[in-house]
Amino acid sequence: MTDEELQSRVEALRGDFAPLLLAWQRQDGRHDLPWQNTRDPYRVWLSEIMLQQTQVTTVLGYYKRFLERFPDVAALAAAPQDEVMAAWAGLGYYSRARNLHKCAQAVMERHGGAFPRTAAELAELPGIGRSTAAAISSFCFGERVAILDGNVKRVLGRLLAFDGDLAQQSQEKRLWRQAEALLPATEADMPAYTQGLMDLGASHCSPRQPQCLLCPVSGLCHGRAQGDPTLYPIKTRKLKRGQRENWWLWMEHEGRVWLQQRPSEGLWGGLWTLPMYDSEEALDAHRISLGVPALETLPRVQHALTHFDWVLHPRRVVLDGGAPDWSERPGVWVAREQLSQYALPAPLKKLLD
Ligand code: SF4
């Protein structure tokens with residue numbers, strides 16, 4: 001599709017798309033999620049970060065507990081990183097929690113504790129991308145800026161039958177320009193409009209089986225008119241899933257478990273885990289050098305991440321004698337009843353439970 005064709009498609013939709021979406025959102029959209037009906041950027045920002053790659057139903061409990069523990073940006077900025085990680089443990093994608101903490105500190109240091117009001121300034125903060133920045137500024141300050149997260153790419157890609165490959169940055173920018181052209185005219189409509197796009201992507205315009213008959217904009221949708229809207233959006237680059245294996249040394253001594261903290265960057269950064277090895281041979285060599293007796297083999301643990309499947313092999317031992325000297329790698333003996341105070345990755349928490 002040429003730029004001229006795309007422009008004329010957007011021009012034809014402009015007068016009708018936003019009013020239809022707004023009317024539907026006000027009537028049938030979501031209104032009672034705990035992060036709605038507020039213009040507090042701290043709460044909106046927290047929900048937007050938690051909702052990245054995570055289902056609403058999972059986020060609900062975490063959101064409530066997080067706010068009880070860190071009621072405002074000042075409390076979050078002042079908290080030790082370990083406490084933030086512990087409150088996040090189990091939600092996955094832990095770089096989000098590290099950036100959340102850094103962002104709260106940046107809001108305190110650079111902006112005196114008040115979130116900036118424009119998407120451009122918000123996008124300068126750690127962990128806030130262009131679409132998240134636009135969501136915060138449109139929800140909280142009514143700024144006329146377009147969001148374009150995965151759900152919205154799908155809705156707009158289908159609505160326009162956008163045939164550019166979104167794996168290419170230039171095509172993503174091109175779709176973003178159309179998203180801007182479709183915005184409602186008044187700032188007062190921005191929160192409901194932004195929510196409406198999110199709601200449509202999370203409901204009728206689902207990835208595999210869109211419910212076009214129920215869709216408020218079906219009469220405008222080029223993807224539907226062409227017969228198969230699931231052909232859009234187009235994104236050619238496929239993730240190649242890899243495999244990774246590691247071995248866990250699970251030592252117990254007098255009712256306590258030996259844990260080590262991962263480096264702050266990288267996979268499970270800042271979380272507490274059992275000592276981890278790249279091979280069974282490496283684990284055994286280290287175990288023997290520490291004088292730890294033979295280990296029990298436990299069933300392997302499978303953990304699926306975005307880019308690879310992780311297989312973890314737990315090997316366990318209950319030590320009768322003294323605890324080995326681990327001075328060369330810092331760690332702590334944690335009593336079982338204290339484990340909940342440590343940020344453990346979800347598969348390890350399940351294993352130790
Ligand atoms: S008509 Fe169907 S494909 Fe088009 S926006 Fe609505 S649900 Fe999505």
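**Exercise 1.** In which loop is glutamate 254 found? State also its phi value and decide whether this residue is buried or exposed.

*Solution.* The structure is a predicted model.
- Step 1: Locate the residue. Glutamate 254 is found in the loop that connects E1 with strand E2 (256-261).
- Step 2: Read the backbone angle. Phi of glutamate 254 is near 50°, which is positive although the residue is not glycine.
- Step 3: Apply the cut-off for exposure, which is over 50% relative accessible area. Glutamate 254 has 64% relative accessibility, so the residue counts as exposed.

**Exercise 2.** Determine where tyrosine 93 is found, what its phi is, and how accessible the residue is.

*Solution.*
- Step 1: Tyrosine 93 is found in the loop between helix H5 (81-88) and helix H6 (95-111).
- Step 2: Phi of tyrosine 93 is near 45°, again a positive value in a residue other than glycine.
- Step 3: The relative accessible area of tyrosine 93 is 37%. Partly exposed residues lie between the limits of 20% and 50%, and tyrosine 93 is therefore partly exposed.

**Exercise 3.** Describe the peptide bond that joins tyrosine 232 and proline 233, and place proline 233 in the chain.

*Solution.*
- Step 1: The value of omega is about -5°, and the bond between tyrosine 232 and proline 233 is cis.
- Step 2: Proline 233 belongs to the loop between helix H12 (222-225) and strand E1 (242-253).

**Exercise 4.** Examine the surroundings of glutamate 48: which side chain of opposite charge is nearest?

*Solution.*
- Step 1: Glutamate 48 lies in helix H2 (residues 41-51) and is buried.
- Step 2: The nearest side chain of opposite charge is that of arginine 30, 8.5 Å away.
- Step 3: A salt bridge requires a distance within 4 Å; glutamate 48 has no salt bridge.
- Step 4: Beyond neighbours within four places in sequence, glutamate 48 is in contact with Thr132, Ala135, Phe139 and Met198.

**Exercise 5.** Which residues touch the most other members of the largest nonpolar core, and why does this core lie between two domains?

*Solution.*
- Step 1: The core has 98 residues, of which Phe17, Trp45, Phe66 and Leu156 touch the most other members.
- Step 2: Helix H1 (residues 3-28) provides the largest share, 8 residues.
- Step 3: The core lies between domain 1 (3-231) and domain 2 (242-352) because both give residues to it.
- Step 4: Apart from neighbours within four places in sequence, tryptophan 45 is in contact with residues including Leu76, Leu100, Phe115 and Ile136.
- Step 5: Tyr277, Leu283, Leu319 and Trp333 are among the 12 residues of a second, separate core.

Terms used:
Residues are numbered from 1 along each chain as its sequence is written. This is a predicted model: local features need pLDDT of at least 70, side-chain atom pairs count only at pLDDT 80 or more; totals for chains, interfaces and linings use all residues. Side-chain values use heavy atoms; hydrogens and water are left out. Helices (H or I, at least four residues) and strands (E, at least two) are DSSP runs, numbered from the N terminus. Buried means under 20% relative accessible area, exposed over 50%, partly exposed in between (1.4 Å probe, protein chains only). Lys and Arg count as positive and Asp and Glu as negative; His and the chain ends are not counted. Contact means heavy atoms within 4.5 Å. A nonpolar core is a set of buried Ala, Val, Leu, Ile, Met, Phe, Trp, Tyr and Cys residues joined through side-chain atoms within 4.5 Å. Domain bounds come from an automatic or database domain assignment.
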